[in-house]
Amino acid sequence: MEGIAESALFKNTIRNMEHSAQIVKLNPSAIERLKSPRRAIVVSVPVRMDDGTVRVFEGYRVQHNHVLGPFKGGIRYHQSVTLSEVAALASLMTFKNSLLNLPLGGAKGGVCVDPTQISTREAEKLTRRYTSEIAPWIGPDRDIPAPDVGTSSQTMAWMLDQYSLESGFSQTGVVTGKPVEIGGSAGRDAATGLGVVYIIEKVLEKLSQKINSVTLAIQGFGKVGMHAAIEAHRIGGKVVAVSDVSNGLYNPEGINVPELVEHYTANMSLNGYHGGKLISNEELLSLPVDVLAPCALDGTINSNNADHVKAKIIVEGANGPVTANANDILKGKKCLIIPDILANGGGVVVSYFEWVQDISWLFWDETQVREKLRMVMYRSFDKVWEFSQKNHLDMRTAAMAVSLVRLESAMKLRGQL
Ligand code: NAD
């Protein structure tokens, strides 16, 4: 498909897949199938702006593979969204869902728009029109979107409403990550960040360390990063630095996370908070910390800055934050990297719980959700760790290998190979 393979993230994802496929001697036909998405939908999204003019935004939904179940994946609103980036993220969802043993395939969507430059009214119109355009291909048993960068539970509420309007029935299972009042799951907001922290606990356990004896730096203070900071702080982790798109905040004694969250929620900025000094995003990446969790965008740790990273452990809260070159540099420095498809799986796990609750009309409380999430994250971590130890592989290669073996088996059973 033209344009699909252009981005560095797509090339990197395929490269990782081929590397692990070689190790587990994957059937070449399975590799061929997984190299291209099943379907890529490109839509125009015209919106009448508040000033009366019409702007047309480009939107995408890429459905990568559904051998394991209905397509599932987030919707991103960002000015740098491209078809190829969305395709790469869709394939990561296939690998993630397989690794986590979920009955779901992989998809991703996006609209090329800067969400900070449009009003709430414009965002609602954009979301409703985008939903209408992709409506024929989504649905509770077809493809279930969720929030990602630049979208929120409110975005999902608009999607749910628009989809229900068009189908004539309330369809709460069409999206996950929606508000609890309309069928969302308790604990979904915190899920990805909490999952990141469960993985940090597990990796520290393997290294005979505990979270209350290490320092953490978290890049990105959005849905993933903020909750990772909250959850790490809650169990005694010393979060010494966080950052958003504008800058970072550093306090070697540990940030008072609940106080900072209160400040950030009121001001939407780290500026003006007195419990730490402002630093740049680049400075955050090179801090002398034990654990670095990049939870912002892809490619933030690259060949320009990997050499400066001092953290001994990197836990990828974001999708694709470490480029291929940076990965090689960090491996040379004996940095232990826990890959995205394992580390940030908490979001899709609780999305899966939400979908199950919606279609069964039976809702769980937050304690149940957190406990079930913990079990899935611990089990998935152990599986990858064991595979990596047994086969002398790094965690990225091992995670992809475990995922590919399940996909191959499903393809064989379905007669696709
Ligand atoms: P978000 O929009 O809620 O937050 C993104 C954060 O990153 C914001 O704090 C923003 O200011 C910051 N940021 C943006 N550009 C930056 C830059 N160049 N440098 C530093 N910080 C920057 O998005 P999110 O949902 O938290 O997603 C973050 C990452 O996690 C993405 O890669 C996403 O695909 C991945 N992810 C999200 C979920 C989820 O449930 N939301 C699940 C799995 C993976």
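**Close-up views of the ligand site and aromatic pairs**

**View 1. Polar contacts of the ligand.** In this predicted model, a polar backbone atom of valine 224 lies 2.9 Å from an oxygen atom of the ligand, a polar contact being a pair of N or O atoms within 3.5 Å. A polar backbone atom of valine 245 is likewise 2.9 Å from an oxygen atom of the ligand, and a polar side-chain atom of asparagine 319 is 2.9 Å from a ligand oxygen. Of the 820 Å² of accessible area that the ligand has on its own, the protein covers 85% (Shrake-Rupley method, 1.4 Å probe). Local features need pLDDT of at least 70 and side-chain atom pairs count only at pLDDT 80 or more, whereas totals for chains, interfaces and linings use all residues. Residues are numbered from 1 along each chain as its sequence is written, and side-chain values use heavy atoms, with hydrogens and water left out.

**View 2. The shell around the ligand.** The ligand is surrounded by 22 residues, each with a heavy atom within 4 Å of it. Domain 1 (8–171) and domain 2 (191–334) both contribute to this shell, so the ligand lies between them; the domain bounds come from an automatic or database assignment.

**View 3. An aromatic pair between helices.** Tyrosine 198 and tyrosine 378 form an edge-to-face pair, 5.8 Å centre to centre with 80° between the planes (ring centres within 6.5 Å, planes over 60 degrees apart). Tyrosine 198 belongs to helix 6 and tyrosine 378 to helix 13 (residues 366–391), 180 residues apart (helices are DSSP runs, H or I, of at least four residues). Both tyrosine 198 and tyrosine 378 are buried, that is, under 20% relative accessible area with a 1.4 Å probe, protein chains only.

Terms used
Polar contact = N/O pair within 3.5 Å; in protein donor to acceptor, adjacent residues only side chain to side chain. Phe/Tyr/Trp six-rings, centres within 6.5 Å; stacked < 30°, edge-to-face > 60°. Helix = DSSP H or I, 4+ residues; strand = E, 2+ residues; numbered from the N terminus. Buried < 20%, exposed > 50% of the residue type's maximum accessible area, 1.4 Å probe, protein only.
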